Amino acid sequence: MGWTATVIPEEFGGLGLSYLELAVIAEELGRCAAPVPFGSSVYLATEALLLGGNQEQKEAWLPTLATGEAIGTFAYAEGGGQSSPKSLATKASGGKLSGRKVVVPDAEIAQFVIVAAASDSGDGASLYLVDMSDAGVSTESVQTLDPSRSHAHIDFSSASAQLLGGEGQGWGLLQRVLDRAAVLTAWEQLGGSEACLEMAKNYAMGRYAFGRAIASYQAIKHKLADMYVKNTLARSNAYYGAWALNTDAAELPLAAATARVGSTQAYYFSSKENIQTHGGMGYTWEFDCQFYYRRSKLLAVNIGSEGLWQERLIAATEQSNVA
Amino acid sequence: MDFEDTKEEAAFRADAQAWFAANAPTAKELEGMDGMQRAKYWQAKKVAAGWGCIRWPKEYGGRDASAIEQVILNQEEAKISAPETGVFSIGQGMAAPTLMTWANDDDKARFVPRLATGEDIWCQLFSEPAGGSDLAALRTKAVKDGDDWVINGQKIWTSGAHYSDWGILVVRTDPNVPKHQGLTYFYVDMKSPGIEIKPIRQISGESNFNEVYFTDVRIPDSQRLGAVGQGWKVSLTTLMNERASIGAGGGGVKFDSVKKLAASVNIGDRPAIEDSAVRAKLASWYVQEAGLKYTSYRTLSALSRGAIPGPENSIGKLVGAVKSQDMASFAIDLLEQEGIVRDKSYDEAIGSLFQDTYMAIPGLRIAGGTDEIMANIIAERVLGLPQEPRADKGIPFSEVPTGS
């Protein structure tokens with residue numbers, strides 16, 4: 001379908017379309033809780049290459065990312081809560097990288113990974129591109145809340161690593177990648193949240209109790225109205241985020257954090273209240289409610305928690321004084 | 001979503017800006033006038049120049065403008081310091097469209113132009129002690145006597161009754177049919193004998209509303225709008241025209257004011273703004289505020305394309321009111337013991353904004369459709385969920401249980 005090629009420029013075999021088209025795809029992937037390596041490869045690895053890759057790195061990977069033959073992923077977390085340049089134990093020297101990254105999406109099927117490692121210069125970190133087939137790379141799969149998506153820890157032991165972007169500029173670059181991924185993830189979360197509202201509505205219309213559809217009880221109606229309100233506000237913020245991303249606007253950090261927090265809150269709410277609306281059936285393995293409840297939490301932490309993005313939001317208002 | 005004006009919209013905006021720049025009333029012009037006189041003066045000036053009630057037909061003082069042009073005009077007017085004209089909103093926003101739809105030509109010619117210029121002020125006599133969310137349960141009754149109707153009963157929550165010239169009124173003319181079928185719609189001279197107006201004191205200490213008592217008030221049958229028993233249908237014309245408050249800034253506590261406060265008060269030995277719990281709360285409110293702002297932009301884009309705003313616009317009040325209440329409450333908490341001081345002179349910068357908002361919002365969450373009614377509207381009209389069964393359906397109003 002060319003989805004993975006959406007924003008990759010035509011000179012690298014992509015479609016050269018805008019982030020608005022990619023946002024639509026993200027929303028639809030979210031709506032069906034698609035079990036595909038899209039966010040890791042498209043929102044993170046592709047964006048990191050587009051932002052920080054040199055010509056050679058782009059030529060090496062973008063054309064196969066565009067066709068979907070290659071899958072990339074991104075690894076910065078090392079466990080123990082939020083990451084910072086100071087907390088990074090992964091290090092590189094002389095083109096060799098060593099360390100351990102945890103809960104990396106699609107690590108076992110990716111052809112390459114972009115890794116954040118500590119640096120003695122600049123902002124304290126550098127990004128590296130590592131081929132997953134390197135002899136110094138090993139993975140250990142990990143069970144997560146959402147088994148429809150694969151995750152693994154990665155151990156690097158003197159693995160060959162190419163610097164991506166400048167030495168000591170990795171932390172700044174990572175933040176820019178995260179802002180871009182946040183907007184796209186917000187659209188995916190919104191799609192999931194919309195699906196939950198739709199499921200809850202359909203179930204409540206068909207399920208009768210005390211002689212009438214449970215959708216006619218205000219306790220249920222108001223719950224669904226709350227979902228609608230949260231989704232509508234999240235959508236408005238997601239539009240603004242997509243606009244900021246697409247025009248590379250100066251307020252992207254604020255717009256991205258706003259979209260991210262709004263969608264995270266909406267999806268969590270809709271996915272838990274969707275189960276509640278379904279009653280006991282919603283808690284059974286047979287029903288699809290669990291997919292969304294699981295996915296909402298995966299997407300809520302995969303590029304940083306709600307709390308982290310709330311902090312980024314306020315920091316962005318302090319930086320720009322826009323608020 | 002489009003953040004830019006079209007070419008035509010930009011031209012209209014430039015015209016409006018130029019007119020406001022040349023005609024915004026100066027302090028000298030308004031010298032010696034009270035609030036009502038200023039409102040009437042400014043409204044008359046706007047209408048004379050073709051910048052008031054612009055959506056109305058030319059014959060009534062308007063210029064057949066589009067909804068988006070009205071929004072642009074509101075935005076531009078908000079940028080100048082013009083007199084507040086809220087006293088006309090019920091007459092122009094609700095009474096006038098109802099008259100234009102239901103009155104005979106003579107009455108339209110008699111009343112609508114005077115509504116445009118602000119010469120006449122109208123109020124809305126709908127809600128009753130026993131008819132709020134369930135408006136059609138109203139009990140004020142009208143009995144035919146010759147060419148007149150004789151009205152007895154009580155209305156409540158009537159904004160501006162004490163300075164209104166005329167009122168639109170819904171009453172029960174037949175209690176022996178189901179509730180929606182026994183209503184009839186009139187307009188009434190507010191100086192009629194038998195009308196008594198008593199202001200209601202709100203918990204905020206202010207008095208914006210009134211109780212209006214009717215004792216043997218006589219209304220000529222010629223002041224009836226629609227047929228006898230058709231009052232509910234006429235009311236719907238009024239209610240559908242309740243102004244969608246889009247494009248307006250809105251008051252209350254905003255993100256900015258609480259963030260500023262958090263920078264000026266301490267938690268422990270540090271400014272509150274450095275506290276992560278404070279930052280998290282502020283961020284969530286910012287997200288809501290931005291969501292409301294961009295939702296209104298989406299509505300404007302739709303208006304610009306010619307769409308009609310639908311029930312999804314109930315979100316603004318539903319989310320905005322409780323957000324403002326929670327932010328005011330949180331700001332008071334941040335102030336600790338000082339938080340309860342409600343004295344405009346106590347803090348020069350912000351006055352008593354937080355305390356006033358804290359006291360005002362409970363009313364806003366009820367007025368013009370309670371939070372619960374708004375949620376029902378979203379559930380039923382947007383999501384298409386079924387209504388709750390109604391215990392009063394299909395039975396004569398006189399047999400409906402009332403609890404009293």
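In this predicted model, the largest nonpolar core (buried Ala, Val, Leu, Ile, Met, Phe, Trp, Tyr and Cys residues joined through side-chain atoms within 4.5 Å; buried means under 20% relative accessible area with a 1.4 Å probe, protein chains only) holds 89 residues, and L49(A), F74(A), I114(A) and L282(B) touch the most other members. The top contributor to this core is helix α4 of chain A, residues 170–206, with 11 residues (helices are DSSP runs of H or I, at least four residues, numbered from the N terminus). Separate from it is a second core of 26 residues, with Y60(B), L99(B), L115(B) and L225(B) among them. Local features need pLDDT of at least 70 and side-chain atom pairs pLDDT 80 or more, whereas totals for chains, interfaces and linings use all residues.

Turning to the interface, contact (heavy atoms within 4.5 Å) involves 37 residues of chain A and 38 residues of chain B. Four salt bridges are counted between the two chains, a salt bridge being a side-chain nitrogen of Lys or Arg within 4 Å of a carboxyl oxygen of Asp or Glu. One of them joins the side chains of R279(B) and E311(A), at 2.6 Å from N to O. On the side of chain B that touches chain A, α9(B) gives the most, with 14 residues.

As for the cysteines, zero disulfides (cysteine sulfur atoms within 2.5 Å) are found over all chains. C196(A) is unpaired because its sulfur is 7.7 Å from the closest cysteine sulfur, that of C289(A), too far for a bond. Residues are numbered from 1 along each chain, chains are lettered from A, and side-chain values use heavy atoms, without hydrogens and water.

Key: Buried < 20%, exposed > 50% of the residue type's maximum accessible area, 1.4 Å probe, protein only. Helix = DSSP H or I, 4+ residues; strand = E, 2+ residues; numbered from the N terminus.
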